[in-house]
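Please examine the sequence and the three-dimensional structure shown here before reading on.

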Amino acid sequence: MKFMLLIGGNRDAWAALTPEDWSDNEKAHGELIADLKKSGEFIECDELNVTPQGARIVRTDHGAPSVADGPLHDGDDFASGYYLLDCADIDRACAIAARLYESRFAPIEVRQVGG
């Protein structure tokens, strides 16, 4: 089963991180990715651009497209990255999500991909 882990973020929480926190974050992601590759559960992961220059909101109204600066949610909360996994079930995906460094200060949304 495929699952996407959407890593939440908050501008205030990210601004409060020290250089040591950032280093710990990078180390934790590296270790997690290595473990997931060994277990065969890793598909991909990446950061998401959280600036208006790197995100757009697209809608259509009676067939006419409308494009606005994004991300989808205004304010201080945003999706900052994702992991795409192939694992046994949602419980396993949640256990992996709990290993993300960001889970200490931001929500991680676990969503099954497909039916």
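The following paragraphs treat the core, a pocket and a hairpin in turn.

This is a predicted model, in which local features need pLDDT of at least 70 and side-chain atom pairs count only at pLDDT 80 or more, while totals for chains, interfaces and linings use all residues. Residues are numbered from 1 along each chain as its sequence is written, and side-chain values use heavy atoms, with hydrogens and water left out.

The largest nonpolar core (buried Ala, Val, Leu, Ile, Met, Phe, Trp, Tyr and Cys residues joined through side-chain atoms within 4.5 Å; buried means under 20% relative accessible area with a 1.4 Å probe, protein chains only) has 15 residues. Within this core, L5, Y83, L85 and L100 have the most contacts. Two or more core residues come from each of β1 (2-10), α2 (19-39), β5 (77-86), α3 (90-97) and β6 (108-112); helices (H or I, at least four residues) and strands (E, at least two) are DSSP runs, numbered from the N terminus. Leaving aside residues up to four places away in sequence, L100 touches L5, I7, H29, L32, Y83 and I108, where contact means heavy atoms within 4.5 Å.

H29 also belongs to another setting: together with W14, E47, S80 and E102, H29 lies nearest the centre of the second largest pocket, which 17 residues line. A pocket is an open set of points on a 1 Å grid over the protein atoms alone, where a 1.4 Å probe fits, with protein on both sides within 12 Å along at least five of seven lines; lining residues have an atom within 4 Å of a point. The largest share of this lining, 5 residues, is from β5.

Strand β3 (residues 56-61) pairs with β4 in the antiparallel sense over 6 bridges, pairing requiring at least two DSSP bridges. R59 stands opposite S66 in β4. Of the 6 residues of β4 (residues 64-69), the number buried is 0, so this strand lies largely in the open.

Technical notes. Buried < 20%, exposed > 50% of the residue type's maximum accessible area, 1.4 Å probe, protein only.
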